[in-house]
Amino acid sequence: MTDPTPPSPDNQSAERQCLERGDLARRKLIEAGLAIFSAMGFDAASTRKLAAEAGVNIAAIPYYFGSKEGLFIGLMREGVEALDAEMTEVLAAVRTPGERVRAFCRFHMEVQRRFADLRGVGEAVISGPPDAA
């Protein structure tokens, strides 16, 4: 059996562009989900509205996330994972328990400020859209 021919530079470039478009579509859906879920809550947010807001084909939602629920969990998970990595770095930079506690509190307050829109998603899902309360 012979080894397959390695991909040509043109094929590699096309594959890279395809991956970049996929990453872009996924990113657009995450951003659209953040905006739509914050404004409408989970139940009122339709997959059509999410796809339209992201400027992608509606089939991108099941392709990248499996479902609307998968998109919601994906955007929340992405935020939590980014925060976890950042918090690990912050805490690794200090030595004493007191410094760690203060660093954690500063980090927590900064997160509340920076991610108010993510908090809005959770509030909208729990209580419904702002005008439904």
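## Contacts across the chain

Let's start with who touches whom: among contacts in the protein with a separation of 6 or more, 60% are between residues 24 or more positions apart. Keep in mind that this is a predicted model.

The protein has six helices and zero strands. Reading from the N terminus, the elements go α-α-α-α-α-α. Of its 133 residues, 26% count as buried.

## The nonpolar core

Here's a general idea to carry along: in soluble globular proteins, nonpolar side chains tend to be buried together. In this model, the largest nonpolar core has 19 residues, and the members that touch the most others are Leu29, Phe37, Leu50, Val56 and Leu71. Two or more residues each come from helix H1 (9-44), helix H2 (47-54), helix H3 (60-65), H4 and helix H6 (116-127). H1 gives the largest share, with six residues.

Which residues does Leu50 touch, leaving aside those up to four places away in sequence? Its partners are Leu29, Ala32, Gly33, Ile36, Phe37, Ile61, Lys68 and Leu71. Take a moment to find Leu50 in the structure and pick out these partners around it.

## How H4 and H5 pack

Next up is a pair of helices. In general, two packed helices are described by the angle between their axes and the distance between the axes. For helix H4 (residues 68-92) and helix H5 (residues 97-114), the angle is about 150° and the axes are 10 Å apart. Angles over 145 degrees count as roughly antiparallel, so H4 is roughly antiparallel to H5. The crossing of H4 past H5 is right-handed.

On the H4 side, the contact is made by Leu83, Glu86, Met87, Val90 and Leu91, while H5 brings Arg100, Ala103, Phe104, Phe107, Val111 and Arg114. Sort the residues of this contact by type and you get eight nonpolar, three charged and no polar ones.

## A loop residue: Ile58

Finally, have a look at Ile58, which sits in the loop between H2 and H3. Why does Ile58 count as partly exposed? Its relative accessibility is 34%, and partly exposed covers the range between the 20% limit for buried and the 50% limit for exposed.

Ile58 and Thr47 are 11 residues apart in sequence, and their C-alpha atoms are 6.8 Å apart in space. Not counting residues up to four places away in sequence, Ile58 touches Thr47, Arg48 and Ala51.

Key
Residues are numbered from 1 along each chain as its sequence is written. This is a predicted model: local features need pLDDT of at least 70, side-chain atom pairs count only at pLDDT 80 or more; totals for chains, interfaces and linings use all residues. Side-chain values use heavy atoms; hydrogens and water are left out. Axes are lines fitted to C-alpha atoms, for helices over the stretch in contact, and angles run from 0 to 180 degrees between N-to-C directions. Helices (H or I, at least four residues) and strands (E, at least two) are DSSP runs, numbered from the N terminus. Angles under 35 degrees count as roughly parallel, over 145 as roughly antiparallel, 65 to 115 as roughly perpendicular and the rest as oblique. A crossing is left-handed if the near helix is turned anticlockwise from the far one by less than a right angle, and right-handed if clockwise. Contact means heavy atoms within 4.5 Å. Ala, Val, Leu, Ile, Met, Phe, Trp, Tyr, Cys and Pro count as nonpolar, Asp, Glu, Lys and Arg as charged, and the others, Gly among them, as polar. A nonpolar core is a set of buried Ala, Val, Leu, Ile, Met, Phe, Trp, Tyr and Cys residues joined through side-chain atoms within 4.5 Å. Buried means under 20% relative accessible area, exposed over 50%, partly exposed in between (1.4 Å probe, protein chains only).
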